[in-house]
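Please open the model in a viewer and keep the selection panel at hand. The tour below proceeds stop by stop, naming what to select and what will be found there.

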Number of protein chains: 2
Amino acid sequence: MLTDRQLLILQVIIDDFIESAHPVGSRAISKKDEISYSAATIRNVMADLEEMGYIEKTHSSSGRVPSQKGYRYYVDHVIAPTIKEGNLSIMKDLIRDEFIDFEKLVQKSAEVLSDLTNYTSIILGPELFETKVKQLQIVPISDYSAVAILVTDSGHVEHRSFTIPEDISPSDLEKLVNILNERLKGVSLARLPQVITTEVVSLMKVYVRDFEKSFNYLQSAFFQEQPVKLYIGGITNLLTQPEFNDINKVRSFYQMMENEDQVVNLLKTPQHGIRVSIGNENKLDEIKDFSLITASYQLGNEQKGTIALLGPTRMEYRKVITLLNSLSNEMTDALYLWYKNNG
Amino acid sequence: MLTDRQLLILQVIIDDFIESAHPVGSRAISKKDEISYSAATIRNVMADLEEMGYIEKTHSSSGRVPSQKGYRYYVDHVIAPTIKEGNLSIMKDLIRDEFIDFEKLVQKSAEVLSDLTNYTSIILGPELFETKVKQLQIVPISDYSAVAILVTDSGHVEHRSFTIPEDISPSDLEKLVNILNERLKGVSLARLPQVITTEVVSLMKVYVRDFEKSFNYLQSAFFQEQPVKLYIGGITNLLTQPEFNDINKVRSFYQMMENEDQVVNLLKTPQHGIRVSIGNENKLDEIKDFSLITASYQLGNEQKGTIALLGPTRMEYRKVITLLNSLSNEMTDALYLWYKNNG
DNA sequence: TGTTAGCACTCTCAAGTCTTGAGTGCTAAT
DNA sequence: ATTAGCACTCAAGACTTGAGAGTGCTAACA
């Protein structure tokens, strides 16, 4: 357990380092308004803090830098108790236009978030497994091709074009669509592949032998694909952070961000509410010098998405956590309204 | 005009520099198999080439580096005459799956192109102004919201969700959709806004007073937006190029690429066929150290898109130009088939 | 006994100096 | 016309040096 004085000094060190990115020395600390001890005294305290692992030196005679454990303590004991559920009306301006699309909204939110913080924001769109088919439609484009359009009860639209097998006539196609609609309406996306294989495919065969093949394609195109949309805002923001001076870091970071699956995986968490991953606590080696703050939002009861901010470990935790907390609440609220309307 | 010997040496210098990124010295040149002169002789030739502006020194006693004028000459007089219309079957593997989507195809092409070259590829989707409305549909999601879906005769799908004005009933909505379909079918996207305002809006008013407002939104959402899709592949590739060692270059480059409008603008060209922009010839300052090779492809007669590769001025022009040339032919062919099917 | 001043010590960072190697330009010989 | 030879230039890396920031320890002080 830390004494009041130790905690105070730890706090000062972290705050200063977050701002300056430079190791903090005893003299600098003693000059702060909130500090009334001499540099020598500070040094003693710092030695203690270092022994306990909360701060460390970059070399034998350098100032101190917060360690991962230090940040952890700071976040858990200093920041967390002061965060209150809040609502900063971040989205209010975005929703001014009542016709705005949900996808657009999320996209915009990501941009705003990154602008506000100067970090990189990542938003995972809501999972769609539990949404249900509202309408499935096939629009013929020519004799050879058509577009299949799927609309869910959440207003989400998926579409794919495909070629029409030769031995199927326009009237057959129409019948097929009717059957599909009848059978699939109200089925959740999660159950869709199963329903199709067990119930629908056999029916299809009545109309056309080769349709099975086409249908398999459609099925895979629609439903076996990663259905999670990823929105990223302000990747270039991180380039302005001093820890990004090493070109190799930039390389590996961008290479990581290019791999969507990896990013999605990084954000997915069963956990509720705010989660803070500092440095090595992150799953991926590429961001072991970063901190990732994630917050989940909910759509209805089950489906949820995640919003996150990625920045250097030397991150403005208070600001970021407050912001994410508010935004996730606001998104949950917005989605609740949306969902209620649909139900 | 350059003598044979001068041209030979210019060529050797450029080829060597393209490979190594280091200034080329007279001794290194004289050791090449294709060169039978001594270093001293080479030096005389190099002095001439420098005087003519085709090569330059980085400092008074360095080897020579091709100048922009040098690259230009090389591309115009060495590469261009040897390029023959070709078809490398780049897309063949991609189209193996006959059900593939056009958008997917373009996306994949961008990836392949960047993998093949280690530069950044940029593809502008085909302009849709000349495609015609195939079907416009409104799917009600709840009492308060609906999704509007527009399908064009090229198989392109656009969709937006919107809220339904309170004083409109489901049956009204159905009537509206019928009217819209009837009036708008076959209208090109370019003419759509005009047709809507002159013919349709007045009709709308019969059904509901406030619908004008909603409709304006839909119209703007669909048709006043940048309708060009941009596909970018392998931005990180450039990070491995030695000219990207300066972190500030990376910054400004990424910031430029983040601005889609700017990139689209950069690629748009009335010109047909292959275009090579070297260094300062580029419109944007941010890429004055780069070369941009663009090739256009056509859809039917009018609409066209652009594929491009962005790399350092020290670029493998021969390879890149051959590749782009082939791919643009293949894309035109593929689109021709597609389009023919639709007509 | 907790706090502080003082001092020797350590390490980084930037500036300055040296050395090496690659490359040039010029001249004189072939 | 071509080439060998030589003096000269410059960049880049290695090494040195000094200043500055910071530490730890000790002894004195309230």
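Helices in this tour are DSSP runs of H or I with at least four residues, numbered from the N terminus. The model is predicted.

**Stop 1: helix 4 of chain B**

Select B:I79, which is placed in helix 4 of chain B, spanning residues 68–79. Is this residue buried or exposed? B:I79 has a relative accessible area of 0% and is therefore buried, the cut-off being under 20%. Now add B:I321 to the selection. The two residues stand 242 residues apart in sequence, yet their C-alpha atoms are 8.6 Å apart in space. Leaving aside residues up to four places away in sequence, B:I79 touches B:Y74, B:Y317, B:R318 and B:I321.

**Stop 2: a loop residue of chain B**

Move to B:N118, in the loop that joins helix 6 (102–117) to strand 3 (120–124) of chain B. Its phi is positive, about 65°, although B:N118 is not a glycine. The relative accessible area of B:N118 is 38%, so this residue counts as partly exposed.

**Stop 3: chain A as a whole**

Select chain A next. It contains 11 helices and 10 strands. Of its 343 residues, 52% are buried. Consider the contacts in chain A between residues at least 6 apart in sequence: 60% of them join residues at least 24 apart.

**Stop 4: helix 1 against helix 3 in chain A**

Two packed helices are described by the angle between their axes and the distance between the axes. Display helix 1 (residues 4–20) and helix 3 of chain A: the axes come within 10 Å and cross at roughly 85°. Helix 1 and helix 3 of chain A are therefore roughly perpendicular to each other. Which residues make the contact? From helix 1 of chain A they are A:R5, A:Q6, A:I9, A:L10 and A:I13, and from helix 3 of chain A they are A:T41, A:I42, A:V45, A:M46, A:D48, A:L49 and A:M52. By class, the residues of this contact comprise 8 nonpolar, 2 polar and 2 charged.

Within helix 1 of chain A, centre the view on A:Q6. This residue is buried, with a relative accessible area of 10%. Its side chain reaches the backbone nitrogen of A:T3 at 2.9 Å. Not counting residues up to four places away in sequence, A:Q6 touches A:M1, A:V45, A:D48, A:L49 and A:M52.

Then step to A:A21, in the loop between helix 1 and helix 2 (26–31) of chain A. A:A21 has a phi near 70°, a positive value in a residue other than glycine. Its relative accessibility is 22%, so A:A21 counts as partly exposed.

**Stop 5: DNA strand C**

Select DNA strand C together with the protein around it. The strand is surrounded by 19 residues, of which the closest are A:R5, A:T41, A:S60, A:S61 and B:S26. Among the atoms of DNA strand C within 4 Å of the protein, 78% belong to sugar or phosphate, and the rest to bases. Three polar approaches may be displayed here:

- A polar side-chain atom of A:H59 is 3.4 Å from a sugar or linking oxygen of DNA strand C.
- An N or O atom in the side chain of B:K57 lies 3.1 Å from a phosphate oxygen of this strand.
- A polar backbone atom of B:S62 lies 3.5 Å from a sugar or linking oxygen of the strand.

Helix 3 of chain A and helix 3 of chain B each supply at least two residues of the surface near DNA strand C. The largest share, 4 residues, comes from helix 3 of chain A. By class, this surface has 3 nonpolar, 11 polar and 5 charged residues.

**Stop 6: DNA strand D**

Finally, select DNA strand D. Which residues are the closest to this strand? Of the 19 residues that surround DNA strand D, the closest are A:S26, B:R5, B:T41, B:S60 and B:S61. Of the strand's atoms within 4 Å of the protein, 75% belong to sugar or phosphate and the rest to bases. Display the following pairs:

- A polar side-chain atom of A:K57 lies 3.2 Å from a phosphate oxygen of DNA strand D.
- A polar side-chain atom of B:R43 lies 3.2 Å from a base oxygen of the strand.
- An N or O atom in the side chain of B:H59 is 3.3 Å from a sugar or linking oxygen of the strand.

Helix 3 (39–52) of chain A and helix 3 (39–52) of chain B are the elements that give two or more residues to the surface near DNA strand D. Helix 3 of chain B gives the most, with 4 residues.

Conventions. Residues are numbered from 1 along each chain as its sequence is written. Chains are lettered from A and ligands numbered from 1 in the order in which they are written. This is a predicted model: local features need pLDDT of at least 70, side-chain atom pairs count only at pLDDT 80 or more; totals for chains, interfaces and linings use all residues. Side-chain values use heavy atoms; hydrogens and water are left out. A residue is near a molecule or strand if one of its heavy atoms lies within 4 Å of it. A polar contact is a pair of N or O atoms within 3.5 Å; within protein, one must be able to donate a hydrogen and the other to accept it, and residues adjacent in sequence count only if both atoms are side-chain atoms. Axes are lines fitted to C-alpha atoms, for helices over the stretch in contact, and angles run from 0 to 180 degrees between N-to-C directions. Angles under 35 degrees count as roughly parallel, over 145 as roughly antiparallel, 65 to 115 as roughly perpendicular and the rest as oblique. Contact means heavy atoms within 4.5 Å. Ala, Val, Leu, Ile, Met, Phe, Trp, Tyr, Cys and Pro count as nonpolar, Asp, Glu, Lys and Arg as charged, and the others, Gly among them, as polar. Buried means under 20% relative accessible area, exposed over 50%, partly exposed in between (1.4 Å probe, protein chains only).
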